[in-house]
Amino acid sequence: MRNHSGHDHSAHAAHGGAQPGGLSVSEHGYTLELDSAVLTAGVQPVTFRVIGPDGRTVTAFTPEHEKELHFIAVRRDTAGFQHVHPVRDETGTWSVELALEPGDWRFFADIHPVGHDGTLTLGIDAAVAGAYDPRPLPEATGTARIGEYTVVLDGELLPDRASELILTVSRNGEPVTDLQPYLAAYGHLVALRVGDLGYLHVHPEGGPGDGTTAPGPEIAFVATAPTAGTYRLYLDFQHDEVVRTAEFTVRTATATPHPEAAPPAAHEHGHGQGQGHGHGHAQGHGSHHAAHAHH
């Protein structure tokens, strides 16, 4: 198990900055276009395309984390998270099946079009017909349970500062030390800001085959919250040939003042967090994903 102490996070600040993605359907001339923004409940096919600055459908993408396009679907109340990988035909139309419950959904496409100088995350709303039963935001508990698996999150999510988040995976109380690579890493973490679902694509530290990163039980990430607030974290990890999703609710922490410095009376809790710890996470809907395998 490698030592995470003393790690310099300054180099990670350049990973797209702290600006959330996915808040716009169009960015830098690229637009996400659904064939239908009104869908029926159940397992449904969803088709879409990316339109480029020239008005044509984009057919050339640079793979990122082994895929040309990462597609995230989540209901507006943060339930039903799915990270899937659609199939593209020669015309540039992407197709994927999603398990949809009634309500308002947000779809994200994480892409790197050939000719563009970086990755983009485009977001679009979709409505799923039926009786909508919105769920309250899960409590912040620090632990997620998915069937036989438990994932514990250690670390604080800080506004405008890179920080390390370490997720530790166990199965029936025993550390998992044989995680399987998934998307060129031992885990894939997505963070969404509660309130507007601003999308943060968090970066793993190390990876399979680098000679230093162990296949569990710890998975380390570097993340930067764009603002103070509450976030939902979704960890995908693969074990025994199945990808599982652990979910957490996290409130940003405030910086701890030096003991010799008198903290301003109102400043430290100015964001209403008052907890000082970002270890808040929920098992929430984790069990809902126990049998959900990603493709």
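Two strands count as paired here if DSSP finds at least two bridges between them. The model is a predicted one, and that rule is a handy way into its sheets. Strand 15 (residues 188-193) and strand 16 clear the bar with 3 bridges, and they run antiparallel. Within that pairing, A191 has L200 as its bridge partner in strand 16.

These two strands belong to an open sheet of 4 strands, ordered 16-15-19-20 and paired in the antiparallel sense. Strand 16 (199-201) and strand 20 (242-251) sit at the edges; each has a single partner strand, so one side of each is left without a neighbour in the sheet. From one strand to the next, the twist averages 20 degrees.

Next, the confidence scores. The average pLDDT for the protein is 84, and 80% of the residues score at least 70. Residues 1-16 are another matter: pLDDT stays under 50 there, and the model has 19 contacts for this stretch beyond four places in sequence. Residues 257-295 also have pLDDT below 50, with 90 contacts in the model beyond near neighbours in sequence.

On to the packing. In soluble globular proteins, nonpolar side chains tend to be buried together. The largest nonpolar core here holds 27 residues, and the ones touching the most other members are V151, L233, L235, F237 and F248. Two or more residues come from each of strand 11 (143-146), strand 12 (149-154), strand 13 (162-171), strand 15, strand 18 (218-224), strand 19 (230-239) and strand 20. Strand 19 gives the most, with 4 residues. L233 gives a good look at the contacts involved: leaving aside residues up to four places away in sequence, L233 touches L153, L165, L189, V190, A191, A246, E247, F248 and V250. A191, the bridge partner of L200, is thus also on the contact list of L233. Apart from this core lies another, made of 26 residues, including V46, L69, A109 and V128.

Strand 12 deserves a paragraph of its own. Its side chains alternate: Y149, V151 and L153 point to one face and are buried, whereas T150, V152 and D154 point to the other and are not. On one side of the pairing pattern, strand 12 is joined to strand 11 by 4 bridges, the two running antiparallel. A144 has V151 as its bridge partner in strand 12, and V151 is also one of the residues touching the most other members of the largest core. Strands 11 and 12 make a hairpin with 2 residues between them, and G147 in the turn has a positive phi of about 60 degrees. Strand 12 also pairs with strand 13, again in the antiparallel sense, over 6 bridges. There, L153 stands opposite L167 in strand 13, and L153 is among the residues that L233 touches.

A few backbone oddities are worth flagging. The peptide bond joining G216 and P217 is cis, with omega about 0 degrees; P217 is found in the loop between strand 17 (203-204) and strand 18. E66 is not a glycine, yet has a positive phi of about 75 degrees. This residue lies in the loop between strand 4 (42-51) and strand 5 (69-75), and with 57% relative accessibility E66 counts as exposed. A184, also not a glycine, has a positive phi of about 65 degrees. The loop between strand 14 (174-175) and strand 15 holds A184, which counts as partly exposed at 41% relative accessibility.

Finally, the aromatic rings. With ring centres required to lie within 6.5 Å, the count comes to 7 aromatic pairs. In one of them, the rings of F81 and Y234 have their centres 4.0 Å apart and their planes at 10 degrees, so the pair is stacked. F81 lies in the loop between strand 5 and strand 6 (82-84), while Y234 is in strand 19, so the pair ties together parts that are 153 residues apart in sequence. Both F81 and Y234 are buried. Elsewhere in the aromatic set, F48, F61, F71, W94 and F107 form one cluster.

Conventions
Residues are numbered from 1 along each chain as its sequence is written. Side-chain values use heavy atoms; hydrogens and water are left out. Axes are lines fitted to C-alpha atoms, for helices over the stretch in contact, and angles run from 0 to 180 degrees between N-to-C directions. A nonpolar core is a set of buried Ala, Val, Leu, Ile, Met, Phe, Trp, Tyr and Cys residues joined through side-chain atoms within 4.5 Å. Buried means under 20% relative accessible area, exposed over 50%, partly exposed in between (1.4 Å probe, protein chains only). Contact means heavy atoms within 4.5 Å. Rings of Phe, Tyr and Trp (its six-membered ring) pair if their centres lie within 6.5 Å; planes under 30 degrees apart count as stacked, over 60 as edge-to-face and the rest as tilted. pLDDT is the predictor's confidence in each residue, from 0 to 100.
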